[in-house]
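Thanks for sharing this one with me. Below are my notes, set out as numbered points so that you can follow them with the structure open beside you.

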There are 4 protein chains.
Amino acid sequence: MASSDHRFSDIRRSVYAELEPTARTRQGLSATNKFLVLVTLIGAVTVVLETEVTLQTAYANLFRAIEVAIGLIFAIEFVLRVWTIIEAKPNAGSLVSRLKFIFSFDGMFDLLIILSTLLPFVTANLVLLRLFRLVRLLRIAKLGRLSKAFRSLSEAVHSRRYELLLTLYLAIGLLLLGATALYWVEGAIQPDKFGSIPRSLWWAVITMTTIGYGDVYPITSVGKVIASLVAVAGIGLIAMPTGILAAAFSDAIQKHHGDEDLN
Amino acid sequence: MASSDHRFSDIRRSVYAELEPTARTRQGLSATNKFLVLVTLIGAVTVVLETEVTLQTAYANLFRAIEVAIGLIFAIEFVLRVWTIIEAKPNAGSLVSRLKFIFSFDGMFDLLIILSTLLPFVTANLVLLRLFRLVRLLRIAKLGRLSKAFRSLSEAVHSRRYELLLTLYLAIGLLLLGATALYWVEGAIQPDKFGSIPRSLWWAVITMTTIGYGDVYPITSVGKVIASLVAVAGIGLIAMPTGILAAAFSDAIQKHHGDEDLN
Amino acid sequence: MASSDHRFSDIRRSVYAELEPTARTRQGLSATNKFLVLVTLIGAVTVVLETEVTLQTAYANLFRAIEVAIGLIFAIEFVLRVWTIIEAKPNAGSLVSRLKFIFSFDGMFDLLIILSTLLPFVTANLVLLRLFRLVRLLRIAKLGRLSKAFRSLSEAVHSRRYELLLTLYLAIGLLLLGATALYWVEGAIQPDKFGSIPRSLWWAVITMTTIGYGDVYPITSVGKVIASLVAVAGIGLIAMPTGILAAAFSDAIQKHHGDEDLN
Amino acid sequence: MASSDHRFSDIRRSVYAELEPTARTRQGLSATNKFLVLVTLIGAVTVVLETEVTLQTAYANLFRAIEVAIGLIFAIEFVLRVWTIIEAKPNAGSLVSRLKFIFSFDGMFDLLIILSTLLPFVTANLVLLRLFRLVRLLRIAKLGRLSKAFRSLSEAVHSRRYELLLTLYLAIGLLLLGATALYWVEGAIQPDKFGSIPRSLWWAVITMTTIGYGDVYPITSVGKVIASLVAVAGIGLIAMPTGILAAAFSDAIQKHHGDEDLN
């Protein structure tokens with residue numbers, strides 16, 4: 001009996017290690033988590049394709065089957081996680097640990113996702129809720145080099161936050177200036193496009209980001225001269241943050257090398 | 001009486017510290033200035049939305065009320081500033097100090113803004129004057145890390161001003177070359193779009209900044225080949241200043257570290 | 001007779017050195033290889049132009065003649081390579097060396113290209129197969145500074161692969177978010193453009209890469225506000241990888257200098 | 001008489017110093033050259049505006065007058081340069097020096113420009129010849145910090161020429177690949193837009209440079225997926241050269257500092 005208990009506990013521990021990335025001793029994802037990543041991605045693609053009516057009508061049953069399969073897989077995973085969660089803190093009481101997990105943010109989030117996947121009436125239009133299943137990938141991605149890269153990038157961005165904020169302020173100022181100028185010059189000629197500053201702002205954003213849909217553009221000579229100046233300023237709007245980020249990333253690498261030199 | 005005077009002087013000093021960022025001992029903005037920033041931003045949003053006729057007709061009274069409220073708040077602030085300005089130079093005569101402030105650039109600017117906000121006949125169409133209230137934010141932003149970021153960015157830009165100027169000259173040269181080429185090739189075929197160099201220049205600017213509205217584009221094979229070359233050159237027009245700024249910002253950071261190492 | 005054999009072997013060796021860049025003692029390409037590069041480029045331009053029906057009908061014979069000429073030149077080159085390949089490993093048996101070369105990947109690839117060029121019924125529509133002749137340029141480009149530049153660039157990109165991958169993930173996340181938002185807001189108003197997430201994704205990609213064809217754009221106020229946010233995020237999508245690459249290239253140069261200092 | 005000769009020679013020397021930037025002892029441009037820069041710029045603006053028929057008919061006489069004035073100013077300058085050129089090499093024979101100057105590239109170029117400006121029948125359509133007068137600015141710009149900036153920028157670009165060339169090759173490869181793919185997928189559906197690889201190439205260039213006029217874009221699902229991949233690759237096309245240039249400029253600054261440290 002003790003031997004059976006021991007074997008049972010061993011199985012539970014290895015299942016826990018398969019499910020929980022932080023409990024793993026080896027590098028990389030476990031086979032189970034790789035499978036769950038795949039399932040989550042298939043689920044996301046299904047959600048995206050399902051919104052297309054032509055595909056929905058043609059493959060309704062396939063989509064339904066995929067959803068049910070994903071729901072069942074997630075449900076099995078949830079049950080296994082509840083069962084194995086006591087491995088996280090071996091000294092705590094098993095029922096308390098399990099209830100704590102179920103009513104934790106992660107547990108409730110998982111339950112919500114399972115319910116939204118399995119109950120047909122919920123899934124009707126809740127596209128975003130189902131896309132939110134992608135957030136589960138973050139839990140799996142917590143470890144490894146990708147998260148190290150995230151930390152180094154966000155540190156670099158954070159260290160230059162005031163420079164980036166300033167660029168944003170300058171950009172907003174230029175947007176307002178350009179939009180007001182075009183509102184004056186072309187407001188009366190193209191009232192549906194430049195008849196108010198909010199309307200002109202749409203033009204200013206689409207121009208300064210160099211997107212240029214072509215739904216709105218100046219037609220007078222003065223308007224075109226002002227738009228040209230805004231367009232050139234738009235280059236600066238792209239060049240400034242890019243330059244700031246490049247310098248920040250470069251600095252982060254240098255600092256990193258410096259740290260290594262000290263060790 | 002002396003005690004009352006003293007208390008009165010204390011109040012004046014603390015009001016001054018609330019209004020004037022440079023007189024503050026603690027970091028960050030005072031509650032009063034935070035409130036004034038909020039009021040200024042609400043004012044800017046109101047001005048922008050007011051130009052939209054559909055909103056103006058629907059919410060005319062609300063807009064009017066906001067404007068009057070902002071005008072009153074600014075008027076109260078102005079009176080308090082006039083009253084407390086003698087704290088700036090305690091040894092100068094109080095009347096002289098106050099008159100000097102009223103007739104200073106800042107004082108006249110504030111008065112103009114209050115008048116343009118409160119007098120309905122002035123505000124009729126003076127959108128820009130009212131947007132100029134945003135300039136008041138600069139006075140509040142004079143301190144702190146944002147202004148430090150501004151100094152470091154503008155120093156970096158200034159140190160590379162000849163490189164950036166040269167890029168601008170090269171860009172203008174390329175614009176002229178491209179516009180002249182298209183004027184020759186497509187001037188006769190699309191006279192309203194490429195019939196003169198000024199018209200072609202509009203196309204050249206919108207192409208080299210990679211905006212590409214789509215109102216003007218070449219339709220002949222030769223024109224398309226030339227436009228393709230201009231388009232690739234446009235990539236350089238974006239890459240050059242971005243690279244220059246990146247190097248300048250990177251250099252500024254290095255220099256800063258060097259300075260720190262010396263201290 | 002021995003003298004004739006010797007002379008014959010000398011010719012073969014010098015032909016081999018003309019054909020094989022790695023067997024050359026001097027810097028740069030041999031005259032033969034320069035000629036073959038030119039022939040390959042002429043071939044590529046011919047393939048591209050041939051797809052244009054107006055040119056094909058007008059210059060069918062010219063195109064045919066060029067193809068046959070290129071096929072013959074490549075055939076002669078192939079025969080010479082088979083003849084001289086024994087110079088690569090002088091000690092191996094000559095027949096074995098030659099058969100090995102013919103049935104190697106390079107040999108079969110060359111044969112395929114010659115056949116696809118000379119046999120008219122094969123060339124009918126196989127545009128890509130004929131453009132694949134450009135791949136032969138890689139064999140010639142294996143040496144020299146261009147390949148050194150390729151190694152240094154790909155090393156720099158490789159060293160930041162997790163940062164770049166992360167940027168790609170963030171971009172895909174933003175694309176999904178933006179597309180879903182527009183699908184909600186404008187799906188009912190412009191069903192052919194935003195009626196499903198896949199349709200919205202086309203808009204999101206073309207907007208975040210700042211291309212902006214103008215075939216799809218939001219027309220409601222809420223849609224335009226969301227699109228503006230996506231547009232600004234698109235600037236980040238360009239600025240992040242550019243900054244990462246700039247820092248990586250800068251770091252690679254520094255490391256290179258460091259290596260030189262050590263030697 | 002000797003005194004008069006002396007005075008005459010003094011005048012000639014100071015006129016020469018006014019005209020020739022390299023002969024000047026003080027920093028910056030002489031008043032004469034500043035005036036000539038202004039005249040040249042006015043001339044360029046006149047040429048550009050003159051091509052616009054509406055302006056040409058309204059201001060024909062003004063344009064004519066400006067042209068004649070510019071021609072006369074340039075003629076006077078030319079005569080003065082011929083007169084003072086013997087100051088360049090005081091020991092050479094004066095007639096030989098002057099003839100040498102007239103028949104030098106600079107001299108012939110100046111003469112051509114004067115003739116093209118003054119002779120009405122020449123100027124009829126020679127827009128480019130007249131815009132070429134801008135090239136004369138280069139002679140004046142030979143000195144100073146702008147030319148130093150040009151040298152430092154072109155050295156940085158030159159030092160990374162193989163990396164930039166490689167990026168260009170990769171870009172051309174991607175353009176061909178994308179254009180061929182769209183030619184296959186949409187050639188039959190939009191024959192006027194993707195019916196041949198040259199036509200598809202126009203789309204590929206305008207897409208990869210993120211211009212996106214909107215005159216050509218895919219309409220099938222497969223075409224849109226391929227176009228999305230090309231669009232993302234287009235980001236790389238901008239990010240790669242920008243990153244290379246940023247690193248090169250950064251490296252140039254570092255090297256410059258190193259040189260200063262050594263001195």
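**Notes on the predicted model**

1. Let me begin with a single side chain. Tyr213(A) has a relative accessibility of 2%, so this residue counts as buried. Please keep in mind throughout that the model is predicted.

2. What does Tyr213(A) pair with? Across all chains there are 28 aromatic pairs. In one of them, Tyr213(A) is partnered by Tyr217(C) in a tilted arrangement, with 5.8 Å from centre to centre and 35° between the planes. This pair crosses between chains: Tyr213(A) sits in the loop between α12 (197-208) and α13 (221-262) of chain A, and Tyr217(C) in the loop between α12 (197-208) and α13 (221-262) of chain C. Tyr217(C) has a relative accessible area of 24% and is therefore partly exposed, whereas Tyr213(A) is buried. One aromatic cluster brings together Trp202(A), Tyr213(A) and Tyr217(C).

3. Another aromatic pair worth a look is in chain C. Phe194(C) and Trp203(C) meet edge-to-face, with 70° between the planes and 5.7 Å from centre to centre. Both Phe194(C) and Trp203(C) are buried.

4. How are the copies related? Chain A can be superposed on chain C by a rotation of 90°, with 0.0 Å of shift along the axis and an RMSD of 0.1 Å. The two copies are thus related as by a four-fold rotation axis.

5. Now for the make-up of one chain. Chain A has 13 helices and zero strands, so to speak a plain run of α elements from the N terminus on. Of the 263 residues in chain A, 44% are buried. Among contacts in chain A with a separation of 6 or more, 61% are between residues 24 or more positions apart.

6. Helix α12(A) deserves a closer look. At 1.5 Å a residue, its 12 residues should span 16 Å, and the end C-alpha atoms are 15 Å apart, which agrees. Is α12(A) mostly covered or mostly open? Mostly covered, with nine of its 12 residues buried. Those buried in α12(A) are Ile197(A), Ser200(A), Trp202(A), Trp203(A), Ala204(A), Val205(A), Ile206(A), Thr207(A) and Met208(A). Trp202(A) is also a member of the aromatic cluster in point 2. Just after α12(A), Thr210(A) has a positive phi of about 60°.

7. In chain B, please mind the numbering: residues 197-208 make up helix α13 of that chain. With 12 residues at 1.5 Å each, α13(B) should span 16 Å, and its end C-alpha atoms are indeed 16 Å apart. Nine of the 12 residues are buried, so α13(B) is largely enclosed by the rest of the structure. Among these buried residues are Trp202(B), Trp203(B) and Met208(B). A positive phi of about 60° is found at Thr210(B), just after α13(B).

8. Still in chain B, how do α10 and α11 pack? Helix α10 (residues 145-159) and helix α11 (residues 161-186) of chain B pack at an angle of about 65°, and their axes are 4 Å apart. From α10(B), the residues Val157(B), His158(B) and Ser159(B) meet Arg161(B), Glu163(B) and Leu164(B) of α11(B). Sorted by class, this contact has two nonpolar, two polar and two charged residues.

9. Arg13(B) is one more residue to find in chain B. Arg13(B) is in helix α1 (residues 2-19) and, with a relative accessible area of 44%, is partly exposed. Which residue is 71 residues away from Arg13(B) along the chain, with 7.0 Å between the C-alpha atoms? That partner is Thr84(B).

10. Last, a spot in helix α13 of chain C, where Ala248(C) lies. Ala248(C) has a relative accessible area of 3% and so is buried. Setting aside neighbours within four places in sequence, Ala248(C) is in contact with Ala156(C), Arg160(C) and, from chain A, Ile253(A). Between Ala248(C) and His158(C) the C-alpha to C-alpha separation is 9.3 Å, and the two are 90 residues apart in sequence.

Methods
Residues are numbered from 1 along each chain as its sequence is written. Chains are lettered from A and ligands numbered from 1 in the order in which they are written. This is a predicted model: local features need pLDDT of at least 70, side-chain atom pairs count only at pLDDT 80 or more; totals for chains, interfaces and linings use all residues. Side-chain values use heavy atoms; hydrogens and water are left out. Helices (H or I, at least four residues) and strands (E, at least two) are DSSP runs, numbered from the N terminus. The expected span of a helix is 1.5 Å times one less than its number of residues. Buried means under 20% relative accessible area, exposed over 50%, partly exposed in between (1.4 Å probe, protein chains only). Copies are superposed by least squares on the C-alpha atoms of residues with pLDDT of at least 70 in both. Rings of Phe, Tyr and Trp (its six-membered ring) pair if their centres lie within 6.5 Å; planes under 30 degrees apart count as stacked, over 60 as edge-to-face and the rest as tilted. Axes are lines fitted to C-alpha atoms, for helices over the stretch in contact, and angles run from 0 to 180 degrees between N-to-C directions. Contact means heavy atoms within 4.5 Å. Ala, Val, Leu, Ile, Met, Phe, Trp, Tyr, Cys and Pro count as nonpolar, Asp, Glu, Lys and Arg as charged, and the others, Gly among them, as polar.
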